[in-house]
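Colleague: Thanks for sitting down with me over this one. Could you put the model up, so that I can ask how its labels were earned?

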Amino acid sequence: KVLFILPHDIEPFAQQPYGETLVRARAYQNTFCSMAKSIGWTPTLFYLSNSEKKTRVIRHADGYDIYKIPVLARVIGSSGCISPRLLAEVGKFIGKERPDIVHIHGYYTAMFEPLCLLLWQLKVPFVVNYHGSPLNRALRKLKRATLPFVLSKAKMILSPSRGELDVLKSWGVRVPMEFQPNPVDMG
């Protein structure tokens with residue numbers, strides 16, 4: 001089992017009014033879940049929702065669960081948000097389902113560090129997709145101070161940018177890192 005977490009403050013599937021319908025109709029396929037399923041893993045996706053008031057689970061057309069977790073507050077001046085419920089739901093899911101690995105996107109969000117520390121405490125291996133440094137100067141300084149420790153708990157860091165991996169190395173991050181271009185479905 002693999003758990004994918006997108007701690008973003010936007011809904012990746014609901015950029016339009018009928019986003020959930022689009023998920024069910026396969027108009028948007030989560031690449032990582034689809035790839036995981038194709039190699040025999042059982043994927044589950046957690047993402048933060050600005051429109052939900054309570055956690056809701058929907059079923060993707062490809063046969064995996066998507067947990068929509070409500071946001072408590074946005075972090076002004078960033079693309080992050082606060083969702084204590086995300087930590088509670090991830091902890092509950094891990095206790096019940098025992099995923100083999102967790103894949104996290106959104107290192108620049110407010111929930112990234114708490115998620116990584118929770119996974120580390122629960123002894124669940126995790127990998128991180130690192131897409132680049134925050135543009136907000138204050139957030140970049142904060143992340144510069146916290147990321148080396150938090151990322152040292154990851155099993156691997158993936159990035160579509162060799163330059164960003166070099167930045168992490170210069171910050172003292174010493175875990176396996178791999179350049180991995182973002183996959184594009186050409187079919």
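Colleague: What percentage of the 187 residues in the protein chain is made up of buried residues?

Modeller: Buried residues make up 46% of them. Do keep in mind that this is a predicted model.

Colleague: Why is Ser159 called buried?

Modeller: Its relative accessible area is 1%. Buried means under 20%, so Ser159 earns the label. The residue lies in strand S9, residues 156–159.

Colleague: What makes the link between the side chain of Ser159 and the backbone oxygen of Tyr130 a polar contact?

Modeller: The side chain of Ser159 reaches that oxygen at 2.7 Å, and the cut-off for such a pair is within 3.5 Å. Tyr130 is also among the residues that Ser159 touches, including Glu164, Leu165 and Phe179, leaving aside those up to four places away in sequence.

Colleague: How do you know that strands S1 and S7 pair?

Modeller: Pairing needs at least two bridges, and 4 bridges join S1 (residues 2–6) to S7 (residues 101–104), so the two strands pair. They run parallel, and Leu3 stands opposite Val102 in S7.

Colleague: And what makes S7 and S8 a pair?

Modeller: The test is again at least two bridges; S7 and S8 (residues 126–129) have 3, in the parallel sense. Here His103 stands opposite Val127 in S8.

Colleague: Which helix joins S7 and S8 in a β-α-β unit?

Modeller: That is H4, residues 112–121, and the unit is right-handed.

Note on methods. Residues numbered from 1 in each chain as written. Predicted model: local features only at pLDDT ≥ 70, side-chain atom pairs only at ≥ 80, totals over all residues. Heavy atoms only, no water. Buried < 20%, exposed > 50% of the residue type's maximum accessible area, 1.4 Å probe, protein only. Polar contact = N/O pair within 3.5 Å; in protein donor to acceptor, adjacent residues only side chain to side chain. Contact = heavy atoms within 4.5 Å. Right-handed = clockwise from strand over helix to strand, strands pointing away.
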